[in-house]
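Tutor: Let's work through this one with questions and answers. Have the sequence and the 3D view ready, and stop me whenever a term is new.

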There are 2 protein chains.
Amino acid sequence: MTGTAIKNWQSVQQEVLNRINSRVWKPGELIPNEAELASEFGCARATVNRALQNLADSGLLERRRKAGTRVATHPVRKATLDIPVIRNEITGKGYSYRYALIKSETIVPPSDMVARMRLKPNEKCLHIIGLHMAHGEPYVFENRWININVVPDVFGVDFSEQSPNEWLVENIPFTSGDIAFSALTAGTFEAGMLSCKLGEGLFVIDRSTWKHEGAITSVRLVFAPGYRIHTEI
Amino acid sequence: MTGTAIKNWQSVQQEVLNRINSRVWKPGELIPNEAELASEFGCARATVNRALQNLADSGLLERRRKAGTRVATHPVRKATLDIPVIRNEITGKGYSYRYALIKSETIVPPSDMVARMRLKPNEKCLHIIGLHMAHGEPYVFENRWININVVPDVFGVDFSEQSPNEWLVENIPFTSGDIAFSALTAGTFEAGMLSCKLGEGLFVIDRSTWKHEGAITSVRLVFAPGYRIHTEI
DNA sequence: GAGTGGTCTAGACCACTAA
DNA sequence: TAGTGGTCTAGACCACTCG
């Protein structure tokens, strides 16, 4: 006997996981269809469906109508990262938070940024550079461009009080966005901002957000040495 | 009138998104309960539930029993990253793939690795260093420790033919794992492996996988300069 | 205690797609 | 064309938690 009753979708999922891990169902193999599993487990098909769909979302199963459900051979694992507001990320670690505005200007962005934000030629943007500090130490520096046509309200905001990161999150909802993680070699500018050595490897996040085809903002976050993002899989 | 009929959970989700983005429902605000929305949209409560649950998973709504559903004030955005097998990542970009085994030895790991994998003192591990190449160029180098007590089968494998990355994914299912992203400054070893300049900033992934409290493997992947991970949010 | 979301059920129909 | 997963429904009960 199984020992524990199978009555909810979590236990169905657990039982399916067990069969995958113990090789009862091998990679690439077809597993019984939802109706059969439902009758075996003594639950409704919808319950089995919920469990299998969840596992398919995590990449462990591959499902196709008519073809059935298979155990994935090369499971493409999915890692989910939380992207918090920087203030919360810092205070959440138990450090004090401080933000310093370094520069604020309204200028025409460099060509790579014009391309990325799909701006018109010679269209000006608000360019803001700021530094987030944890416990008085530089934590991450923020190099941001804001599309003033999409977000005209920015001119009424005092970004020496509140970082653009927070103001945008609270006030400008976005419909889509993209994010990239990479590494960068510290030049004189980065080293000066983060008070680290020249040539040090730094972690970088590039993020752009959009509101119905119009770029709201594009930002580069360069983190102080030692920063890491961690998650479970 | 809404124009489009609301009959399935996707359209319910879209309509809710619209109301959030257009500030009909403001951040922090309580939205109507599932039963009310169901009757407004003319669908079953389960359909509304599916839509709202999905939005709560993405961090846009906060739901609590009895307290109801609120629009998140500081939405903790979630980014989902695919972690493919390295061969597939490279061939998926249209490059040819090649793997070279650099070193394979059975030794006692350094103390930080003993701690991370929760090994017994003086317990030996299989230590494998290899290089994955794309289009003949170094792409990422893999520094891996494998727990031979949990995975005794590794001794029957020829890791000059198949990278441990692939072999483990195909043969050793894991029950949990963790992954971390960071940056590193290239030392002589890294620069030599990846044929890049000394002191260059490199992207790093550290990953460990577990099988019921026993560490299977712990690996550090150091990527060649220019590598980036990208995803939508 | 009462109101809310979380889930299960049994049945139904639909959408996709392999054969 | 037939078999599979995807989804909707109406109703029910439960679990949690706020007041």
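Student: Of the atoms of DNA strand C within 4 Å of the protein, what percentage belongs to sugar or phosphate?

Tutor: Keep in mind that this is a predicted model, where local features need pLDDT of at least 70, side-chain atom pairs count only at pLDDT 80 or more, and totals for chains, interfaces and linings use all residues. To read the names, know that residues are numbered from 1 along each chain as its sequence is written, chains are lettered from A and ligands numbered from 1 in the order in which they are written, and side-chain values use heavy atoms, with hydrogens and water left out. Bases make up the rest of those atoms of DNA strand C, and the sugar or phosphate part is 68%.

Student: Which residues are closest to DNA strand C?

Tutor: A residue is near a strand if one of its heavy atoms lies within 4 Å of it. DNA strand C has 26 residues around it. The closest are Asn8(A), Trp9(A), Ala44(A), Arg45(B) and Arg63(B).

Student: How far is a polar backbone atom of Trp9(A) from a phosphate oxygen of DNA strand C?

Tutor: The cut-off for a polar contact is a pair of N or O atoms within 3.5 Å; within protein, one must be able to donate a hydrogen and the other to accept it, and residues adjacent in sequence count only if both atoms are side-chain atoms. Side chains reach phosphate oxygens of this strand too: a polar atom of Thr47(A) lies 2.7 Å from one, and a polar atom of Arg64(A) lies 3.1 Å from one. For the backbone of Trp9(A), the distance is 2.5 Å.

Student: Which element gives the largest share of the surface near DNA strand C?

Tutor: Helices (H or I, at least four residues) and strands (E, at least two) are DSSP runs, numbered from the N terminus. The largest share is 4 residues, and the element that gives them is α3(A).

Student: How many charged residues does the surface near DNA strand C have?

Tutor: The classes work like this: Ala, Val, Leu, Ile, Met, Phe, Trp, Tyr, Cys and Pro count as nonpolar, Asp, Glu, Lys and Arg as charged, and the others, Gly among them, as polar. On this surface there are 5 nonpolar and 9 polar residues. The number of charged residues is 12.

Student: Now DNA strand D: what percentage of its atoms within 4 Å of the protein do sugar and phosphate account for?

Tutor: Around DNA strand D there are 25 residues, and Arg45(A), Arg63(A), Asn8(B), Trp9(B) and Thr47(B) come nearest. Sugar and phosphate account for 70%.

Student: Which residue has a side-chain N or O atom 3.0 Å from a phosphate oxygen of DNA strand D?

Tutor: Let's place a couple of others beside it. A polar backbone atom of Glu34(A) is 3.1 Å from a phosphate oxygen of this strand, and a polar side-chain atom of Thr69(A) is 3.3 Å from one. The residue at 3.0 Å is Arg64(B).

Student: Thr69(A) again! Which residue is its bridge partner?

Tutor: Two strands pair if DSSP finds at least two bridges between them. Strand β3 (residues 68–71) of chain A pairs with β2(A) in the antiparallel sense over 4 bridges. Thr69(A) is in β3(A), and its partner is Arg63(A).

Student: What is the strand order in the open sheet of chain A?

Tutor: The sheet has 3 strands with antiparallel pairing. Its edge strands, each pairing on one side only, are β1 (30–31) and β2 (61–64) of chain A. So to speak, you can read the order across as β1-β3-β2.

Student: Which residue does the side chain of His74(B) join in a polar contact?

Tutor: His74(B) sits in the loop between β3 and β4 (77–83) of chain B. Apart from neighbours within four places in sequence, its contacts (heavy atoms within 4.5 Å) are Val85(A), Asn88(A), Val169(A) and Glu170(A). The polar contact is 3.3 Å long, and the partner is Glu170(A).

Student: Is Asn122(A) buried or exposed?

Tutor: Asn122(A) is in the loop between α5 and β6 of chain A, and its phi is positive, near 65°, although the residue is not glycine. Buried means under 20% relative accessible area, exposed over 50%, partly exposed in between (1.4 Å probe, protein chains only). The value for Asn122(A) is 64%, so the word is exposed.
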